[in-house]
Amino acid sequence: MFFTRFYDPKLAQASYLIGCPASGEALVVDPTRDIDPYLKGAAEEGLRIAHVTETHIHADFISGARELAHRTGARLYLSGAGGPDWQYRYATEAGASLLDEGSLLEIGQVKVRVMHVPGHTPEHLAFLVVDTSRTTEPIGVLTGDCVFVGDVGRPDLLERAAGVRGTMEAGARQLFHSLRRLRELPDYLQLWPGHGAGSACGKSLSSVPQSTLGFEKRFNWAFGITDEAAFVRAVLQGQPDPPKYFAQMKRINRDGPRLLGDSPSPRRLPPGDVERLITRGATVVDTREAREFGAGFLPGTLNIPANKSFTTWAGWLLPYDRDLYLIVDDRRAGAVTELVRDLSGIGLDRVAGFFGSDAIDQGDGRLQTMTSLDLPEVAEQLAQRRGVVLDVRGEGEWREGHMPGSINLPLGELGARASELPRDRLLVVHCQSGGRAAIAASLLRARGFEQVVQFPGGFAEWSSRGEKVERDA
């Protein structure tokens, strides 16, 4: 049996290619929309992708299952479990075969047994992998978003992200019983999860790429709770706010992602066009590093740096129903291709064009700068009550500790709630350590707020220096 893992660090998402060298066939599980790595990986091993499947209807990225099956001619398998309320609507159109408890996939000498493990979502499946060239017993289990290393999948997304009311507690109870079923499996099984640290599909995921079921039974907090009511309370408590775009992902993946084929790359636009687009109200995203943006930026542009968090904040803040334009650093080879791929991975397909560094270089007198304050200056602002200290961390972070007198408006909600902020007072924007604050400050400036400054040190510096901290229990 051939087995390999693919990992997208920006999505904190894992997918898997399982092959049988004897038959030359392969199965891909939970592919992302960027299917080239799977095509390349299979070709390098002399394998043909003949089967494609996924564990559930994903909320955090656009599934590549339909795209990969279409491109390769592979058979597509989708969950048919979970009842009528949340089913794949494109399954018939795509010619997909439906899987449920007890279904069996055969990839040459490799067999994959299907378990229905609802909880994270009603239709969620897990896959037990058997290499029959060696044994009739499974070697491991692909758990998707049911069980992670150190955590389990959150059962509240269907309600909080997709708006299906009354499903959180029911999902938590289903998850409790799914874990009891998994507990009955042998300890030696390898456990291959669908996400790692950084994913919003859980609250305490480990960065360790895989585990064993036995280890998780002993040390994963969720397996340690044997009372159903206590488990429901624990699994629903402390879950991070789901990114706004999760609702889009659920709908798109349920109804069927648009096939990309060989979509053309966006073209580079003349630097003089950027001002015209901004005047027309177009969304122009400057992807340079925050410090470089702050030293000189075009008015009306939004700064989302091209780093590990780019995909997350793009999904939170960018519109799905309008064209997007990017400003990229010409010094970063392949930046445009990478950014377009990242945006496409969460369904933001409308990148209509991009500008290079010359758009900034030719900005000259039109460029603005972003002012930063150090800790003593911020402390003076608070003491004199000269401005509003805006904390753009999550609500849970703010409740655990915040600067006295600060107000909380999480970055993901800032675009929709900016009208709540005063325009006639200085806004001192901060987060934990500067990253979110820089994006927030650029958003406010793009919305016409003129009195905006940053506190790059953020709450981390404030609390580490022994300054007064308030808590809201």
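**Two pockets, one sheet and a few notable residues**

Ala446 is partly exposed, since its relative accessible area of 33% falls between the limits for buried and exposed. This residue belongs to helix H16, in a model that is predicted. Setting aside residues up to four places away in sequence, Ala446 touches Gly300 and Thr301. The second of these contacts links distant parts of the chain: Ala446 and Thr301 are 145 residues apart in sequence, yet 5.8 Å lie between their C-alpha atoms.

Just beyond H16 comes another residue worth a look. Phe449 is found in the loop that runs between H16 and strand S23 (452–454). Its relative accessible area is 4%, so Phe449 counts as buried. Apart from neighbours within four places in sequence, the contacts of Phe449 are Ala418, Leu421, Pro422, Arg423, Leu427 and Leu444. Ser406 lies 43 residues from Phe449 along the chain, and the two C-alpha atoms are separated by 18 Å.

His430 sits in strand S22, which covers residues 426–430. With 0% relative accessibility, His430 is classed as buried, because the limit for that class is under 20%. What surrounds His430, leaving aside neighbours within four places in sequence? Its contacts are Val389, Leu390, Asp391, Val392, Met403, Ala437, Phe455, Gly458 and Phe459.

Helix H16, the home of Ala446, also takes part in the largest pocket. This pocket holds about 1200 Å³ of space. Its lining is made up of 42 residues, and those nearest the centre are Ala200, Pro240, Asp241, Glu397 and Arg436. Which helices supply at least two residues each to this lining? They are H10 (310–317), H14 (395–400), H15 (411–417) and H16 (435–446). Sorted by type, the lining has 16 nonpolar, 15 polar and 11 charged residues.

The second largest pocket has a volume of about 940 Å³. Here 36 residues form the lining, with Asp34, Thr337, Val340, Arg341 and Ser344 nearest the centre. Two or more lining residues come from each of strand S1 (2–8), strand S2 (13–20), helix H1 (36–44), helix H2 (65–72) and helix H11 (335–344). Of these, H11 gives the most, with 7 residues. The lining of this second pocket divides into 13 nonpolar, 10 polar and 13 charged residues.

Strands S1 and S2, which help to line the second largest pocket, are also part of a sheet. Six strands make up this sheet, which is open and follows the order S1-S2-S3-S4-S5-S6, with mixed pairing. S1 and strand S6 (97–99) stand at the edges with a single partner strand each, so one side of each has no neighbour in the sheet. From one strand to the next, the twist averages 25°. In general, the strands of a sheet pair through backbone hydrogen bonds, in either a parallel or an antiparallel sense. S1 and S2 pair in the antiparallel sense, over 7 bridges. In one of the bridges, Asp8 is partnered by Gln13 of S2. Helix H2, another contributor to the lining of the second largest pocket, lies across strand S3 (25–29), strand S4 (48–53) and strand S5 (75–79). H2 runs at about 150° to S4.

The hairpin of S1 and S2 has 4 residues between its strands. Ala12 lies in this loop and has a phi near 50°, a positive value in a residue other than glycine. Such values stand out because most residues other than glycine have a negative phi. A second case is Arg385, with a positive phi near 55°. Arg385 is located in the loop between helix H13 (375–384) and strand S20 (387–391).

Are these two residues buried or exposed? Ala12 has 2% relative accessibility, so it counts as buried. Arg385, at 72% relative accessibility, counts as exposed.

Note on methods:
Residues numbered from 1 in each chain as written. Predicted model: local features only at pLDDT ≥ 70, side-chain atom pairs only at ≥ 80, totals over all residues. Heavy atoms only, no water. 1 Å grid on protein atoms, 1.4 Å probe; cavity = no way out; pocket = protein on both sides within 12 Å on 5 of 7 lines; lining within 4 Å. Points joined across faces, edges and corners; volume = space filled by probe spheres on them. Nonpolar A, V, L, I, M, F, W, Y, C, P; charged D, E, K, R; others polar. Pairing = 2+ DSSP bridges. Axes fitted to C-alpha atoms, helices over the stretch in contact; angles between N-to-C directions. Contact = heavy atoms within 4.5 Å. Buried < 20%, exposed > 50% of the residue type's maximum accessible area, 1.4 Å probe, protein only.
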